[in-house]
Amino acid sequence: MDKYIVKGKANIKGTVSVNGAKNAGLPILAATLLAEGKYEITNVPNLTDIRTMAKLLNNIGAEIEWGDGKIKIKTNGCKNHEAPYELVKTMRASIYVLGPLVARKGEARVSFPGGCALGARPIDLHLKGLRKLGANIELKHGYIYATANRLKGTGIYFEKKSVGATANILMASVLAEGETKIQNAACEPEIAALAEFLVRMGADIKGIGTETLIIKGKEKLHSADASLIPDRIETGTLLLSAAITRGSITVEDCNPDHLGIVLDKLEEAGFQISTTENSISLNSKGPKHPIEITTNPYPGFPTDLQPQFCSLLSTIEGDSSILETIFSDRFIYTTELQRLGANLKLNENELIIKGGAKLSGAPVMASDIRAGASLVVASLYAEGKTEISRIYHLDRGHDKLEEKLQKLGADIKRVK
Ligand code: UD1
């Protein structure tokens, strides 16, 4: 298993570009199951999760060709309708094939994803939505068996905003008979990107980017191409890497509009931010201040960036706080950050960060993608050597993170 060895006290400075978004790529790849034909998806990051989704499509019967940042997909018939346990257990987003398979093929067999490092992550909203569209769903032997004749459009109100459930139900409803209205839909940019891709495939979707999506089902869609939107979580992680070392950075090929509250919080903490249409620059001059963060569905503060913010806030004098409202066990990373010297007090879902800690390098372990990212951010600031193990978690969501950070002045090495 690979590890990162980081020598701290870095001065992160320079210009870097971001990848296409993993969380946009996963549902878009699954959506190719909705129509036969040839697809070309570009700006694709080279990540384990993307490769897992490609394997899943290949297992179902799609031909896949990888190029440099590009995937060509040919979907003809489906040789089976299954997402097996071996693939689903490594990536929850495998559940994205459920909606497309049941909508187009009338049949799907998908391994039940179960829990994960972030605590209970139910899929009740996915299943309730599909049942409401007319699918018959049974859970047995650890699998979800879904069957349907043609799905029927209906009204679906999500009790909770869910990115995954919105994507799955959206993909199912584009082939349903009649109109589907999804209320309290997730508004994440990755959902809007999926909806726009579906429209290019011939779907009729109104309200893209809002909480109410109105879909007029079509009998058939056709293939289309897509270029993935920039990864807003990688953008944030790179900005925080510079911020923690009090450096300066320009992140290019990103979309500042997708990071509104994140940039506001960096400014509130005392960093200077300037943006163009597709770049963000951060400068660290001036005094720093503790801040309060509450995670929320988009456009609220993203839960996927709170661990990296915690690393930064540990270095700013005063009490900061993070209230986590999305995932019960998101704070699992804090014990490792404490090994680096962060002064953190967890009270249920609120973390108090006693800032101004002197972080020092130590052996630590990544427990999920964003936990790993928070350790990388902290290690850039810490004095001495930090050894981060289990970086296979980071490889699920960050493409060549070490190369990017090296170019920005970090002393970070991947070792076997
Ligand atoms: C997606 C992202 C993940 C991000 C999360 C929240 C992908 C591949 N992953 O995960 O990086 O951290 O959004 O922004 O895009 N819930 C239910 N029932 C359900 C589904 C979800 O109760 O059927 C709950 C979850 O437990 C959680 C909340 O809804 O409390 C939001 O989860 P959701 O938006 O579905 O997260 P994911 O789609 O799994």
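**Exercise 1. Place the second largest pocket relative to the domains, and describe its lining.**

Domain 1 (3-19 + 230-415) and domain 2 (22-227) both contribute residues to the lining of the second largest pocket, so this pocket lies between them; the domain bounds come from an automatic or database domain assignment. The model is predicted: local features need pLDDT of at least 70 and side-chain atom pairs count only at pLDDT 80 or more, while totals for chains, interfaces and linings use all residues. Residues are numbered from 1 along each chain as its sequence is written, and side-chain values use heavy atoms, with hydrogens and water left out.

Step 1. Fix the term. On a 1 Å grid over the protein atoms alone, a pocket is an open set of points where a 1.4 Å probe fits, with protein on both sides within 12 Å along at least five of seven lines; lining residues have an atom within 4 Å of a point.

Step 2. Take the volume. The second largest pocket holds about 270 Å³ of space, a volume being the space filled by probe spheres set on the points, which are joined across faces, edges and corners.

Step 3. List the lining. There are 19 lining residues, and Asn-19, Asn-46, Asp-399, Lys-400 and Lys-404 lie nearest the centre. At least two lining residues come from each of β2 (13-17), β4 (63-67) and α14. Helices (H or I, at least four residues) and strands (E, at least two) are DSSP runs, numbered from the N terminus.

Step 4. Sort by class. The lining has five nonpolar, eight polar and six charged residues. Ala, Val, Leu, Ile, Met, Phe, Trp, Tyr, Cys and Pro count as nonpolar, Asp, Glu, Lys and Arg as charged, and the others, Gly among them, as polar.

**Exercise 2. Describe the setting of Asp-399 and of Lys-400.**

Step 1. Asp-399 is in the loop between α13 (392-397) and α14 (401-407), and Lys-400 lies in the loop between α13 and α14.

Step 2. Asp-399 counts as buried because its relative accessibility is 9%, whereas Lys-400, at 42%, counts as partly exposed. Buried means under 20% relative accessible area, exposed over 50%, and partly exposed in between (1.4 Å probe, protein chains only).

Step 3. The Asp-399 side chain reaches the backbone nitrogen of Asn-46 at 3.0 Å. Beyond neighbours within four places in sequence, Asp-399 is in contact (heavy atoms within 4.5 Å) with Asn-19, Pro-45, Asn-46, Leu-47, Glu-234 and Lys-404.

**Exercise 3. Identify the backbone exceptions.**

Step 1. Most residues other than glycine have a negative phi, and most peptide bonds are trans.

Step 2. Lys-400 has a positive phi, near 55°. Phi of His-141 is positive too, near 55°; His-141 sits in the loop between β8 (136-140) and β9 (143-147) and, at 69% relative accessibility, counts as exposed.

Step 3. The Tyr-298 to Pro-299 peptide bond is cis, with omega near 10°. Pro-299 is in the loop between β18 (292-294) and α10 (306-314).

**Exercise 4. Is Cys-310 buried or exposed, and which residues does it touch?**

Step 1. Cys-310 is in helix α10 and is buried, with a relative accessible area of 0%.

Step 2. Leaving out residues up to four places away in sequence, Cys-310 touches Ile-322, Tyr-333, Leu-337, Leu-344, Leu-351 and Ile-353.

Step 3. The C-alpha atoms of Cys-310 and Ala-342 are 9.0 Å apart, with these positions 32 residues apart along the chain.

Definitions and conventions
Polar contact = N/O pair within 3.5 Å; in protein donor to acceptor, adjacent residues only side chain to side chain.
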